[in-house]
Amino acid sequence: GISGLVGAYITERAERRHKMQELEESMMFKIKDTIYEEASTFATIIVAIIDGLAPAMAAIIAIIPFFLVEWSVLTLEFAYVVSLGLTFAVLFMLGIFLGKVSKENMIVYGIIMIAAGLLTALITVYVTGGSVI
């Protein structure tokens, strides 16, 4: 989460500064110390927080079943199944959200996100030699 937050902030800040420079050049007007600069800074911080916390929250959701194993509520095997289901549900909902934001087919975006998750899982299993533990 911290790595994502810092990385997103730095990336978003650089991108917004570049766009502000382009805007200043096209308008021939300095934006520094204006409400536009304040709004841009605020938006950068919000985007960085969301980009940084989203993966951390997804990871927390995915490990909840394993806490239930420790409390003898679930078996380890069932915790894997529940964790996988929760992870794919989160990926699908993220796809739905991205589809809605882009005004494109939300179901297709959800399926694409699940496919990306499956590909990531397959690569992980391959790289670890077939063991995910």
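**Close-up views of a four-helix chain**

**View 1. A salt bridge inside helix 1.** The side chains of R16 and E12 come together in a salt bridge, 3.0 Å from N to O. The term covers a side-chain nitrogen of Lys or Arg within 4 Å of a carboxyl oxygen of Asp or Glu. Side chains of opposite charge can pair when their charged atoms come close. Both R16 and E12 sit in helix 1 (residues 2-27), four residues apart, or about one turn of the helix. A search of the whole structure turns up one salt bridge. E12 counts as buried at 16% relative accessibility, while R16 is partly exposed with a relative accessible area of 25%. (Buried is under 20% relative accessible area, exposed is over 50%, and partly exposed is in between, with a 1.4 Å probe and protein chains only.)

A quick note before moving on: this is a predicted model, where local features need pLDDT of at least 70 and side-chain atom pairs count only at pLDDT 80 or more, while totals for chains, interfaces and linings use all residues. Residues are numbered from 1 along each chain as its sequence is written, and side-chain values use heavy atoms, with hydrogens and water left out.

**View 2. T44, a buried residue of helix 2.** T44 is found in helix 2 and, at 4% relative accessibility, it counts as buried. Its side chain makes a polar contact of 3.1 Å with the side chain of R16, and also reaches the backbone oxygen of S40 at 2.8 Å. (A polar contact is a pair of N or O atoms within 3.5 Å; within protein, one must be able to donate a hydrogen and the other to accept it, and residues adjacent in sequence count only if both atoms are side-chain atoms.) Setting aside neighbours within four places in sequence, T44 is in contact with Y9, E12, R13 and R16, where contact means heavy atoms within 4.5 Å.

**View 3. Y36 and its surroundings.** Y36 is another residue found in helix 2, and it counts as partly exposed at 40% relative accessibility. Not counting residues up to four places away in sequence, Y36 touches M20, L23 and I31. Y36 and A58 are 22 residues apart in sequence and 33 Å apart in space, C-alpha to C-alpha.

**View 4. An aromatic pair between helix 2 and helix 3.** The whole structure holds two aromatic pairs. F66 and Y80 make an edge-to-face pair, 5.2 Å centre to centre, with 75 degrees between the planes. F66 lies in helix 2 (residues 35-70) and Y80 in helix 3 (residues 76-101), so the pair ties together parts that are 14 residues apart in sequence. (Rings of Phe, Tyr and Trp, its six-membered ring, pair if their centres lie within 6.5 Å; planes under 30 degrees apart count as stacked, over 60 as edge-to-face and the rest as tilted.) F66 is partly exposed, with a relative accessible area of 26%, and Y80 is partly exposed too, at 32%.

**View 5. Zooming out to the protein chain.** There are four helices and zero strands here; these are DSSP runs numbered from the N terminus, with helices being H or I of at least four residues and strands being E of at least two. The C-alpha trace spans about 65 × 30 × 30 Å along its principal axes. Of the 133 residues, 16% count as buried.
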